Amino acid sequence: MIPYSRHSTGEEEKKAVMEVMDSGFLTNGPKTADFEAAFAAQVGAKHAVSVSSGAAALYLGVRALCPYAGMRVALPALTYAATANAVVLAGCEPVLVDVLPDTFCVDPAKIPEDVDAVIPVHYAGLPCDMDEIRKRGSWPILEDAAHACGSEYKGRKIGSENVACFSFHPCKNMTTAEGGMVTTNDDALAGRMRRMRLNGIVVDGFRQDMVDFGFKFNMSEIQAAIGLVQMGKLTLMNQARRLIALAYESELPEKFSRQAVPDDCLHSRHMFPVLVDFRDFVIHELKKKDILCGIHYRPIHMMSWYASRFDWKRGDFPVAESIFEREISLPIYPDMTREEYDFVLSSLKGATI
Ligand SMILES: Cc1ncc(COP(=O)(O)O)c(C=O)c1O
C-alpha cells in the first residue's frame with residue numbers, strides 16, 4: 001500500500017524518548033526549553049512557544065493578536081477546519097476570502113480592508129504572497145504555517161516574521177507525534193502565549209496567580225525530545241520531498257494542473273496537489289491499486305457546521321470551490337522510494353479518461 005503520507009522516524013527518536021523516560025522530567029523540563037530554543041534559532045525568530053497541536057498554536061495566536069471578542073479575522077476559504085475553528089473558539093468572527101487559482105493561497109486583493117487581523121495559510125507549504133498582503137493593509141498577521149516547516153519567502157524563513165503557527169502532526173514535514181509551535185519576535189505576545197498554554201497561571205515561588213484566561217496546551221518532554229531529533233533531519237527530509245515533487249512535476253501528464261510556484265519561494269512540499277477533471281474517478285482508480293490520496297480541502301463555507309451557522313452560500317468563493325472539486329493530493333513523504341512514486345505516476349497515466 002502507498003499511503004498518502006508517512007512519518008519518518010527511527011532509532012534516534014526511540015532513544016530520545018527512552019532518555020526522557022529515565023530523566024525524571026516528563027513535562028515542563030529541559031527538553032522543551034531546548035526544543036523551543038533550537039526551533040526559534042532555526043526559523044530565525046526571537047521566541048518559539050511549544051504547544052500540544054497546530055490547532056492549539058492557532059488558538060493561542062488568535063487570542064494573542066485579537067484580545068477582544070467579535071474582532072474580525074480574515075482567512076482563506078480553502079483551508080483546514082482548524083484555521084477557522086481557532087478564530088471561532090477565540091470569540092472572533094471568521095471572514096472568508098477566496099484564493100488564487102494558480103497558487104491556491106489567499107488572494108491578497110480580496111482581503112476586506114476593515115478586518116482586524118489576517119491568517120494567511122501557506123497551502124501545501126507554498127508561502128503566500130506576504131509582501132502583497134502587507135501592501136494591502138497594516139493588519140496584524142498570524143501565519144498558518146502548519147504545512148510550511150522549512151519554507152522560505154524571498155529568502156526569509158517562514159516563522160521569522162509576524163506570529164506563525166506550525167503543526168507537528170505525523171503527516172507534517174517534521175513530527176512530535178502531536179504538537180505545534182508558535183513563533184514571534186514580540187516579547188509581550190510570547191509571554192502571554194506561554195501563560196495561556198498553562199491555564200493563564202503565573203507562579204512566584206509557591207504562590208500562583210491566574211493573570212490571563214488560558215487552558216492546558218503545553219507540550220510534553222517526550223514530544224520535545226522527538227522534535228529535537230526531527231529538527232536535525234528536517235533539511236534532508238524536505239530535500240527528499242522536493243526530489244519527489246520534481247519527478248511529479250516533470251512526468252505528470254498535461255491534464256493534471258500543478259500549483260504554480262513563484263521563483264522567489266522555497267516550497268516545503270508538504271503536499272503535492274494537482275487538479276484534474278473526473279477527480280473522483282481518478283482517486284478510485286488509484287485506490288484499486290492501493291495508492292491512497294487526499295483531498296484538500298472542502299472549503300470552510302461548505303462544511304456542514306459552518307454552513308448552518310454563517311451567512312455564506314455556494315458560489316461565494318468560486319475559486320476555492322473549483323479547486324475543491326478537482327483537487328487530489330498525491331502521496332508524498334521523505335522515505336517514498338523511486339519505485340513507489342514511479343508506480344503512482346504510471347498509475348495516474350493509466351487512470352485518466
Ligand atoms: C492548514 C492547517 N492548519 C492547522 C492544522 C492543525 O494542525 P494539528 O493537526 O497539529 O492540530 C492543520 C492540520 O492538518 C492544517 O493542515
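**Exercise 1. Find how strand β1 is joined to strand β9, and state where the residues of β1 point.**

Solution. Step 1: β1 and β9 are joined by 5 bridges and run antiparallel. This is read from a predicted model. Step 2: take Ser-50 as an example; the bridge partner of Ser-50 in β9 is Met-181. Step 3: look at the side-chain directions. His-47, Val-49 and Val-51 point one way from β1, while Ala-48 and Ser-50 point the other way. Step 4: check burial on both faces. All of these residues are buried. With 5 of its 5 residues buried, β1 is therefore largely enclosed by the rest of the structure.

**Exercise 2. Check the length of helix α2 against the expected span, then locate its buried side.**

Solution. Step 1: helix α2 covers residues 30-43, which is 14 residues. Step 2: at 1.5 Å a residue, α2 should span 20 Å. Step 3: the end C-alpha atoms of α2 are 20 Å apart, so the two values agree. Step 4: list the buried residues of α2, which are Lys-31, Thr-32, Phe-35, Glu-36, Phe-39, Ala-40 and Val-43. Step 5: these residues cover an arc of only 165° around the axis, so they lie on the same side of α2. Step 6: ask what lies over them. The cover of the buried residues includes α1 (11-21), β1 (47-51), β7, β9 (180-184) and α7 (221-251). Step 7: go past the end of the helix. Gly-44 follows α2 and has a positive phi, near 80°.

**Exercise 3. Decide whether Glu-36 is buried or exposed, and name its contacts from further along the sequence.**

Solution. Step 1: Glu-36 is placed in helix α2. Step 2: count the other C-beta atoms within 10 Å of Glu-36; there are 21. Step 3: a residue is buried if this count is 20 or more. Glu-36 is therefore buried. Step 4: leave aside the neighbours within four places in sequence. Glu-36 is then in contact with Ala-48, Val-49 and Ser-50. Ala-48, Val-49 and Ser-50 are residues of β1. Step 5: compare sequence with space for one pair. Glu-36 and His-47 are 11 residues apart in sequence, and their C-alpha atoms are 7.5 Å apart.

**Exercise 4. Describe helix α3 and its part in the shell around the ligand.**

Solution. Step 1: α3 has 12 residues and reaches 16 Å from its first C-alpha to its last, close to the 16 Å expected. Step 2: 12 of the 12 residues of α3 are buried. Among them are Gly-54, Tyr-59 and Arg-63. Step 3: turn to the ligand. There are 15 residues around the ligand, and Ser-53, Gly-54, Ala-55, Ala-146 and Ser-167 come nearest. Step 4: α3 (54-65) and α4 (81-89) each supply at least two residues of the shell. α3 gives the most, with 3 residues. Step 5: sort the shell by class, which gives 6 nonpolar, 8 polar and 1 charged residues.

**Exercise 5. Work out the order of strands in the sheet that contains β6.**

Solution. Step 1: strands of a sheet pair through backbone hydrogen bonds, either parallel or antiparallel. Step 2: here 3 strands form an open sheet in the order β7-β6-β13, with antiparallel pairing. Step 3: the edge strands are β7 (156-157) and β13 (265-266), each of which pairs on one side only. Step 4: β6 (residues 152-153) is joined to β13 by 2 bridges. For Glu-152, the bridge partner in β13 is Leu-266.

Note on methods: Residues numbered from 1 in each chain as written. Predicted model: local features only at pLDDT ≥ 70, side-chain atom pairs only at ≥ 80, totals over all residues. Near = placed C-beta within 6 Å. Helix = DSSP H or I, 4+ residues; strand = E, 2+ residues; numbered from the N terminus. Nonpolar A, V, L, I, M, F, W, Y, C, P; charged D, E, K, R; others polar. Pairing = 2+ DSSP bridges. Expected span 1.5 Å × (residues − 1). Arc of directions from axis to C-beta. Contact = placed C-beta atoms within 7 Å.
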